[in-house]
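This briefing concerns the surroundings of a bound ligand, the division of the chain into domains, and the packing of selected helices. Please read it alongside the model shown here.

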Amino acid sequence: RVLVTGSLGQLGSTMVSTLRAKLGQENVVASDIRKPARGQRDLGPFVYADVLNRRALEQIIVDHGIDWVVHFSAILSAAGERNPALGLDVNINGFQNVLELARIHGLRVLSPSTMGAFGPTTPKDMTPDLTIMRPNTIYGISKVHMELLGEYYCEKFGVDFRSLRYPGIISADSPPGGGTTDYAIDIFHAALKQNRYTCFLRPETRLPMAYIDDCIVGTMQLLEAPQEALTQRVYNVHACDFSPEELADEVRRQHSADFAIDYCPDFRQGIADTWPRTMADEPARRDWGWNPVIGTTDIVRIMLAKLAPAYRASAAPGR
Ligand code: VAH
């Protein structure tokens, strides 16, 4: 049985349906601190879980006979800079609770890390798994802590900890939750709504990205990989990379030649400037089969196709 924390978030919601399709509805316990929206309500089992409350989390693990935890609760990069105390609490104390319970109850833990774990002194192109890691955001600092503590618990106590460093994840069905890569989702909503977008990153800011389907397939692969296949506990994963101006060009090609973008960089530019432009992910491909298939052109096609109906409906007369 699997417990998913942060199950109403951008990744959690898709991960829960993927896990349920594979393991059976009852074998995946979704949890969050929010109340599911109307459409999500029948998707049981769902429980309230505050990752900061270790006793309550333990009760869920014991009551539901949990074997694996997919830990998606986190405060993302931009949100963490807006509220550092909350970022530290959720990302560090929340993870420590999960890890300690994994030790006590013999759980496998998959907790994603991020390219945000790198920092301004990290080499930016084809960044390898092992390199300088001195991030300067609360998000990055807390994710490096997570990686190191997970490895420590694995080494010392045999906890089966697994992690992958996600690039920016793009999705149409679930909104992003306060990251620096959110522009690459916002741009499609803005293009369909008013055919113009003001981007909070500069035009040439190249960042690694992946479409959510690749991300979830990869996460499942790592979660299910046999222990012996893993030569490390934390893996870079990269699918494609682009800058806001390249993405805007593709939106013009596929959606409207008149699509207009302007740039008004804010504090998130400072965060993006510390992250890699591309990541090397050979170990993930070799050890457990990471093999993303969706590139930039496909991402634009999929996002426009998925989001267009809602905007067409809201533009219809009488609505
Ligand atoms: C963020 N999308 O922007 C997240 C992320 C890779 C970056 O983890 O904060």
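The shell around the ligand has no charged residues, being made up of five nonpolar and seven polar ones. The model from which this description is drawn is a predicted one, and the chain in it is divided into domain 1 and domain 2.

**Ligand surroundings**

- The residues around the ligand include Leu76 and Ser77, followed along the chain by Thr114, Met115 and Gly116, and by Tyr139.
- Also among the residues around the ligand are Tyr166, Pro167 and Gly168, together with Gly179, Thr180 and Thr181.

**Domains and their contact**

- Domain 1 is assigned residues 2-169 + 211-236, whereas domain 2 is assigned residues 183-207 + 239-277 + 293-315.
- The C-alpha centres of domain 1 and domain 2 are 27 Å apart, and the contact draws 20 residues from domain 1 and 14 residues from domain 2.
- On the side of domain 1 that touches domain 2, the elements giving two or more residues are α3 (77-82) and α7 (212-224), and α3 supplies the largest share, with three residues.
- By class, this side of domain 1 has seven nonpolar, eight polar and five charged residues.

**Packing of α1 with α7**

- Helix α1 (residues 10-23) packs with α7 at an angle of about 55°, their axes being 10 Å apart, which means that α1 is oblique to α7.
- The crossing in which α1 passes α7 is right-handed, and the contact is made by Leu11, Thr14, Met15 and Thr18 of α1 with Ile212, Cys215, Ile216, Thr219 and Met220 of α7.
- The contact of α1 with α7 has six nonpolar and three polar residues, and no charged residues.

**Packing of α2 with α4**

- Helix α2 (residues 54-63) and helix α4 (residues 84-105) have axes 10 Å apart and pack at an angle of about 45°, so α2 is oblique to α4.
- A right-handed crossing takes α2 past α4, where Arg54, Leu57, Glu58 and Ile61 in α2 meet Asn97, Glu100, Leu101 and His105 in α4.
- The residues of the contact of α2 with α4 comprise three nonpolar, two polar and three charged.

**Packing of α6 with α11**

- The axes of helix α6 (residues 183-194) and helix α11 (residues 296-315) cross at roughly 45° and come within 10 Å, and therefore α6 is oblique to α11.
- The crossing of α6 past α11 is right-handed, and the residues that meet are Phe188, His189, Leu192 and Lys193 in α6 and Met303, Leu304, Leu307, Ala308 and Tyr311 in α11.
- Divided by class, the residues of the contact of α6 with α11 are seven nonpolar, one polar and one charged.

Methods
Residues numbered from 1 in each chain as written. Predicted model: local features only at pLDDT ≥ 70, side-chain atom pairs only at ≥ 80, totals over all residues. Axes fitted to C-alpha atoms, helices over the stretch in contact; angles between N-to-C directions. Helix = DSSP H or I, 4+ residues; strand = E, 2+ residues; numbered from the N terminus. Parallel < 35°, antiparallel > 145°, perpendicular 65-115°, else oblique. Left-handed = near helix turned anticlockwise from the far one by under 90°. Contact = placed C-beta atoms within 7 Å. Nonpolar A, V, L, I, M, F, W, Y, C, P; charged D, E, K, R; others polar. Near = placed C-beta within 6 Å. Domains from an automatic or database assignment.
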